[in-house]
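Work through the following exercises with the structure open beside the text. Each task is followed by a solution in steps.

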Amino acid sequence: MDLGRILAVSKRVFIDLKNDKRSLALIIIAPLFSMAVFGLAFSGEVENIGVIIVNHDTGMDIPIVGDVDFADQVIDNIDHDTLDIQESDDLVTAIESLEAGDAWAVIYFSENYTANTMASIIPFTNASSEIELYIDMSNVNLAEAIIIEVNSALMATMEENGGSLPVTVERTEVYGQNAEFMDFFVPGIVSFAVYLFTTLLTLMAFIGERVSGTLSRVLATPLRESEIVSGYALTFSIVGTLQSIFMIVVGILAFDVMIEGNILLVFMVVALLAIVCQALGILLSSFAQREAQAAQFLPLIVMPAFLLSGVFWPLEAIPAWLRPASFLVPPSYSITAARSVMIRGWGLDMIWMDMVALVIFAMVLLTLAVISLKKKG
Amino acid sequence: MLAVKTDKLTKNYGDFKALDELELQVIKGEIYGLLGPNGAGKTTAIKVLVGLLKKTSGTAQVLDIEIPNKQIASDIGFMPQETAMYIGLTVHQNMEFFGKLFGMTKEQIAIKEAELLKFVDLEDWKDELVQNLSGGMKHRVSLACTLIHEPDILFLDEPTVGVDPKLRANFWKYFNKLKENGTTVIITTHYMDEARNCDRVGFMRQGKLIAEGIPNEIMKDTGTDNLEDAFLHYATIGEASDGPTPDGGGE
Ligand SMILES: Nc1ncnc2c1ncn2[C@@H]1O[C@H](COP(=O)(O)OP(=O)(O)O)[C@@H](O)[C@H]1O
Ligand SMILES: [Mg+2]
């Protein structure tokens, strides 16, 4: 292999990208757009979930202490940003509204709520108190948020009254103190964007080279197949790194994403991923005859990574039998590694396995790419 | 003495014989025209000789080296039939890229580039993206890129397609100049009229050479005044006798 020729290819690919406004848009605007959409839409918690509270609790007049009304206390403890509360007197109408889709839940306190609660605090009684929750489970996320909110309001109320639950959960945040959705999302989308655009751009570039005849033309010069692949790899690892720097800077400025570890590690992982992806793009191009066929590869490139890389949801959220397939999706490794570095602050000693996986992917795919270029008619 | 020598060179696409035991000999320093209708196998022959296609059987030497062999790549210049330029690059960037593939320095490239751009009359378009050029202009850039490293042997596949007559005349002048410097030039064309400019021509049909010779002698021998008719003459004989007439002088 000749370094001069590798650099010549690398520079040529660079110029091609720079001169092509479509590629530039793909590299820069699309990831920004996705970050903006997700950043604004999922800027953390869900808010303003409409619920109706029907409070029939009559409270209790206790000597010395005075009037006690637990239902009111619970309601006060509900976060009014999370739940958008409407009050109603009639349980039947409230439930009708719920059924009509005007609210996500009805929270009902019966007349004896305070009385029952008091009774249940007294030892050796079997009394219990209940908050009745009528809930629309058609949106699981919202329903869960409502249940969590009601539970925590209840617990807060108990604590205020000196009665605590027999068992409590003491939480110490090991990693990711105050982590929000974007802290999880940015390291993922960076890898995902680099994966998508590197694979797609090399695929298109190589179908172009095959169709226009430039590929066979340069192969009639001293240039070797391995030098072409190396030149592409060099350019795309640099472009991928620049793309990730750009996205992470935007992530910091716009969403204040956390960077606990050494960010250079993230760039290294992303550069490795870019090398894997450009080899994948070259390999795929050998299965395409015409430029239009690039579009047919799009689902093949996007779907596995979308579903299995863990970019949008954790791998634990996909069925257990499908999880091993994520090992075949290269961005999974860089997403896991980037998250660990950025949120957990892990170093090379902890993420080296992901890097080794990417190196193995790179070696296999680069070899296959070179072989696919050597195949002659 | 011979720049190209093939022996029973055969290339099959499945059952189809694109080259059928081709016997081709090109003398060092000559301009050799490979003529024939579309589908005759001219492009296939060139692609096998420059190492882009695997031969099915037979042997071939280019510059005395048995092919395929990457070693000869630096000595050959190949201009494909399709334009095959990087359209997202400027004319200059294309030429610089090809120069670098042959290990040329920036200075060497600059000198050669200036000379070639003058020859193909594209000096004013040096910094234009190739995608903005007309078909004929792209073809000229392509030729310039082929010539940048001063190859010893040139394989030009239909270099004059879409080039206007005046510039075409220029092309031939330049090819003759290269020849004077010792370059061997192999040109395919299906324009029979311009093939008169070649030192020798070979007629290809169905993957075989059906006749070969010096243009004037071929016309004399066949009693025709152009190569088109001469080709038809050989093609008809070939069909009648169902065999090749490898030597045009034998008629
Ligand atoms: N990749 C291929 N697969 C099958 N047939 C091919 C292929 N390339 C060329 N051919 C056939 O081989 C024959 C010779 O083609 P070619 O060498 O391009 O002819 P020419 O350059 O003389 O016009 C043609 O009949 C063509 O259809
Ligand atoms: Mg042809």
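The model is predicted. The exercises begin in chain B.

**Exercise 1.** Find which residues of strand β7 of chain B are buried on one side and which on the other.

Solution.
- Step 1. Strand β7 of chain B spans residues 76-79.
- Step 2. On one side of the strand are I76(B) and F78(B), and on the other are G77(B) and M79(B).
- Step 3. These residues are all buried, so both faces of β7(B) are covered.
- Step 4. β7(B) pairs with strand β8 of chain B, residues 153-157, in the parallel sense over four bridges. I153(B) in β8(B) is the bridge partner of I76(B).

**Exercise 2.** Locate the cis peptide bond that leads into P68(B) and place the proline in the chain.

Solution.
- Step 1. The bond runs from I67(B) to P68(B), and its omega is near 5°.
- Step 2. P68(B) sits in the loop between β6 (65-66) and β7 of chain B.

**Exercise 3.** E150(B) and E158(B) each have a positive phi without being glycine. Decide for each whether it is buried or exposed.

Solution.
- Step 1. Phi of E150(B) is about 50°, and the residue lies in the loop between α4 (135-147) and β8 of chain B.
- Step 2. The relative accessible area of E150(B) is 53%. Exposed means over 50%, so E150(B) is exposed.
- Step 3. Phi of E158(B) is near 55°, and the residue belongs to the loop between β8 and α5 (165-180) of chain B.
- Step 4. E158(B) has a relative accessibility of 3%. Buried means under 20%, so E158(B) counts as buried.

**Exercise 4.** How many residues of helix α1 of chain B are buried, and which are they?

Solution.
- Step 1. The helix covers residues 42-49, and six of its eight residues are buried.
- Step 2. The buried residues are K42(B), T44(B), A45(B), I46(B), V48(B) and L49(B).
- Step 3. Just after α1(B) comes G51(B), with a positive phi of about 90°.

**Exercise 5.** Describe the open four-stranded sheet of chain A and the helices α3 and α4 that pack on it.

Solution.
- Step 1. The strand order is β4-β1-β5-β6, with mixed pairing.
- Step 2. β4 (83-88) and β6 (131-135) of chain A are the edge strands; each has a single partner, so one side of each has no neighbour in the sheet.
- Step 3. Ignoring direction, neighbouring strands of this sheet are turned by 25° against each other on average.
- Step 4. Strand β1 of chain A, residues 49-55, runs parallel to β4(A) and is joined to it by six bridges. V51(A) stands opposite I85(A) in β4(A).
- Step 5. Helix α3 of chain A, residues 70-77, touches β1, β5 (105-109) and β6 of chain A, and its direction makes about 170° with that of β1(A).
- Step 6. Helix α4 of chain A, residues 91-99, touches β1, β4, β5 and β6 of chain A, and its direction makes about 165° with that of β5(A).

**Exercise 6.** Determine whether T157(A) is buried or exposed, and list its contacts beyond four places in sequence.

Solution.
- Step 1. T157(A) is in helix α6 of chain A, residues 140-160.
- Step 2. With a relative accessible area of 4%, T157(A) is buried.
- Step 3. Leaving out residues up to four places away in sequence, T157(A) touches F70(A), Q73(A), V74(A) and N77(A).

**Exercise 7.** Which helices of chain A each supply at least two residues of the nonpolar surface patch, and which gives the most?

Solution.
- Step 1. The patch consists of L3(A), L7(A), F14(A), L234(A), I238(A), L242(A), I245(A), V249(A), I252(A) and L253(A), and together they have about 860 Å² of accessible area.
- Step 2. The helices are α1 (3-19) and α9 (225-255) of chain A. α9(A) gives the most, with seven residues.
- Step 3. L3(A), found in α1 of chain A, is exposed, with a relative accessible area of 57%.
- Step 4. S237(A) is also found in helix α9 of chain A, but is buried at 11% relative accessible area. S237(A) touches A271(A), A274(A) and I275(A), not counting residues up to four places away in sequence.

Notes:
Residues are numbered from 1 along each chain as its sequence is written. Chains are lettered from A and ligands numbered from 1 in the order in which they are written. This is a predicted model: local features need pLDDT of at least 70, side-chain atom pairs count only at pLDDT 80 or more; totals for chains, interfaces and linings use all residues. Side-chain values use heavy atoms; hydrogens and water are left out. Patches are made of residues with over 30% relative accessible area and no salt bridge: like charges are joined within 9 Å, nonpolar side chains (Val, Leu, Ile, Met, Phe, Trp, Tyr) within 5 Å. Accessible areas come from the Shrake-Rupley method with a 1.4 Å probe; for residues, only the protein chains shown count as cover. A salt bridge is a side-chain nitrogen of Lys or Arg within 4 Å of a carboxyl oxygen of Asp or Glu. Buried means under 20% relative accessible area, exposed over 50%, partly exposed in between (1.4 Å probe, protein chains only). Two strands pair if DSSP finds at least two bridges between them. Axes are lines fitted to C-alpha atoms, for helices over the stretch in contact, and angles run from 0 to 180 degrees between N-to-C directions. Contact means heavy atoms within 4.5 Å.
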